[in-house]
Amino acid sequence: MQEYDLGIIGAGPGGYSAALHAAKKGLKVVLFEKDEIGGVCLNKGCIPTKSILHISELYKQIQKSQDFGISAENITLDYTQVLERKNKIIERLRKGIELALKNAKIQIVKAEVKIINSNEISANNETYKVSKIICATGSTPKIVSGLEFDHEFLLSSDDILNLETLPKNILIIGSGAIGIEWARIFSNFGVETTIIELAQNLLPIADIEVSKRIERIFKTNKIKYYTNTSVEKIINKSVTLSNGEILTPEKILVAIGRTPTQKTDIENIKYIGDVTGQIQLAHFAIKEAIAETEDIDFQKELTPSVIYGTPEIAWVGKREQDLEPNTYKKSLLLISALGKAQCDGKTDGFIKILTQNDNIVGAHIVSPEASALIQQIIIAMQNNISVEKLKEICFAHPTYSEGIFESLFNLK
Ligand SMILES: Cc1cc2nc3c(=O)[nH]c(=O)nc-3n(C[C@H](O)[C@H](O)[C@H](O)COP(=O)(O)OP(=O)(O)OC[C@H]3O[C@@H](n4cnc5c(N)ncnc54)[C@H](O)[C@@H]3O)c2cc1C
């Protein structure tokens with residue numbers, strides 16, 4: 001029987017981060033993975049989508065190059081190359097993780113495992129004895145009755161990555177992060193895109209003003225959307241909506257959330273990342289892994305949410321609709337007021353800051369670089385840096401981060 005200090009199940013961002021940090025602490029680690037190293041994030045999630053999104057944005061930008069005095073003719077798209085580039089990026093990053101795991105002398109076992117008890121794991125007909133188990137087995141696309149994936153017409157976020165050609169039109173069910181990003185990708189590529197959402201607004205998990213802005217941006221980009229709407233039935237590729245309308249899309253992407261993988265009843269197992277059913281984001285999994293292996297604090301309520309594309313959307317902390325009226329101050333700065341936004345020709349969006357007792361309690365950003373801007377806010381929030389103290393900082397000009405600085409003086 002092979003013996004280890006730590007057995008980790010799942011080599012996604014949670015699992016491989018836990019393995020690397022534990023090994024750095026001198027632990028003897030075995031890491032089990034039934035599929036590809038890198039998990040959903042690298043193979044089916046964050047990285048492939050952002051690589052395809054990047055090209056779609058570039059494609060759209062080139063088509064608008066005349067706005068900048070550049071003429072480009074005969075712009076064509078080779079989607080096969082888009083997919084090849086995506087696969088190369090995944091492979092390159094995977095090799096990097098595999099090398100880091102090898103250099104850290106982490107034993108990798110490619111197998112689907114079963115936990116026997118809190119100190120024994122069975123894989124490939126062998127038993128591994130471990131002092132501790134971290135389970136980072138992630139999540140899978142949610143399946144609901146009537147919208148079961150057939151992998152041809154009704155597609156999951158995994159299937160959509162395997163489409164070899166772009167459809168003429170697509171229906172996306174669900175306007176969470178995955179639905180919004182794919183709507184942007186398809187629309188950028190010129191695919192007629194429709195998105196339906198059961199809640200009252202698109203991106204219902206966001207601050208209400210963010211949701212409304214996204215709706216406006218979708219209208220401008222001719223992405224058709226329905227809110228307060230669900231699918232009543234699908235017969236022969238004909239989709240009847242709850243409002244009575246009938247759509248006949250070429251493909252449907254079902255993006256209505258993800259189900260955590262099954263946990264065992266066995267005690268003394270540490271679960272991290274998507275499997276916990278808390279925040280299903282790669283950086284959440286990574287931070288949980290580091291908190292567990294390095295004993296570094298993690299304020300989970302300050303986990304940033306980011307949705308990519310133009311403009312980026314990012315937020316942290318409380319939403320305005322969750323605050324009691326008259327208990328907070330707010331500033332909303334349109335990014336069109338910023339020199340940098342005008343220079344870049346990217347003027348759609350805002351920076352919204354909410355404060356209570358001179359401290360930021362929430363920030364909601366729709367802007368280029370929102371993913372980076374939100375980190376500035378998190379540093380201030382986590383360290384209780386007051387608005388007055390933040391005003392002492394010198395922000396560079398012209399930048400989008402100046403918008404944060406300006407906002408500090410406009411809280412009402
Ligand atoms: C389309 C899409 C886009 C996304 N974009 C982003 C983004 O931009 N930013 C972001 O932060 N997050 C994003 N996410 C979410 C992100 O991918 C997940 O939050 C993240 O991968 C969770 O990491 P994890 O380590 O918990 O689990 P996972 O990455 O799911 O890894 C779990 C691993 O465990 C393995 N496993 C499961 N059971 C067993 C078993 N019994 N034995 C052996 N191995 C097992 C699986 O094969 C898998 O490799 C996206 C997700 C999707 C689907």
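Two strands count as paired if DSSP finds at least two bridges between them; strands themselves are DSSP runs of E with at least two residues, helices are runs of H or I with at least four, and both are numbered from the N terminus. The structure is a predicted model, so local features need pLDDT of at least 70 and side-chain atom pairs count only at pLDDT 80 or more, while totals for chains, interfaces and linings use all residues. Residue numbers start from 1 along each chain as its sequence is written.

With that settled, the open sheet is a handy place to start. It has five strands in the order S8-S15-S9-S10-S11, with parallel pairing. Strand S8 (154-155) and strand S11 (224-226) sit at the edges with a single partner strand each, so one side of each has no neighbour in the sheet. Strand S10 (residues 192-196) runs parallel to S11 and is joined to it by three bridges; Ile195, for one, has Tyr225 of S11 as its bridge partner. Helix H5 (residues 177-188) lies across strand S9 (169-173), S10 and strand S15 (251-254), at about 165° to S10. Here, contact means C-beta atoms, placed from the backbone, within 7 Å, and the angle, on a scale from 0 to 180 degrees, is taken between N-to-C directions of axes fitted to C-alpha atoms, for helices over the stretch in contact.

Then come the hairpins. Strand S12 (residues 231-235) pairs with strand S13 (residues 238-241) in the antiparallel sense over four bridges, and Val231 has Leu241 as its bridge partner in S13. Two residues separate these strands, and Asn236 in this hairpin takes a positive phi near 50°. S13 also pairs, again antiparallel, with strand S14 (residues 246-247) over two bridges, where Thr240 is matched with Ile246. This second hairpin leaves four residues between its strands, with Gly244 in the turn at a positive phi of about 95°.

As for the ligand, 35 residues surround it, the closest being Gly10, Gly12, Gly39, Gly138 and Gly273; a residue is near if its C-beta atom, placed from the backbone, lies within 6 Å. The shell divides into 14 nonpolar, 15 polar and six charged residues, where Ala, Val, Leu, Ile, Met, Phe, Trp, Tyr, Cys and Pro are nonpolar, Asp, Glu, Lys and Arg are charged, and the others, Gly among them, are polar. Helix H1 (13-24), strand S2 (29-33), helix H2 (39-43), helix H3 (46-63) and helix H7 (282-294) each supply at least two shell residues.

Key:
Contact = placed C-beta atoms within 7 Å.
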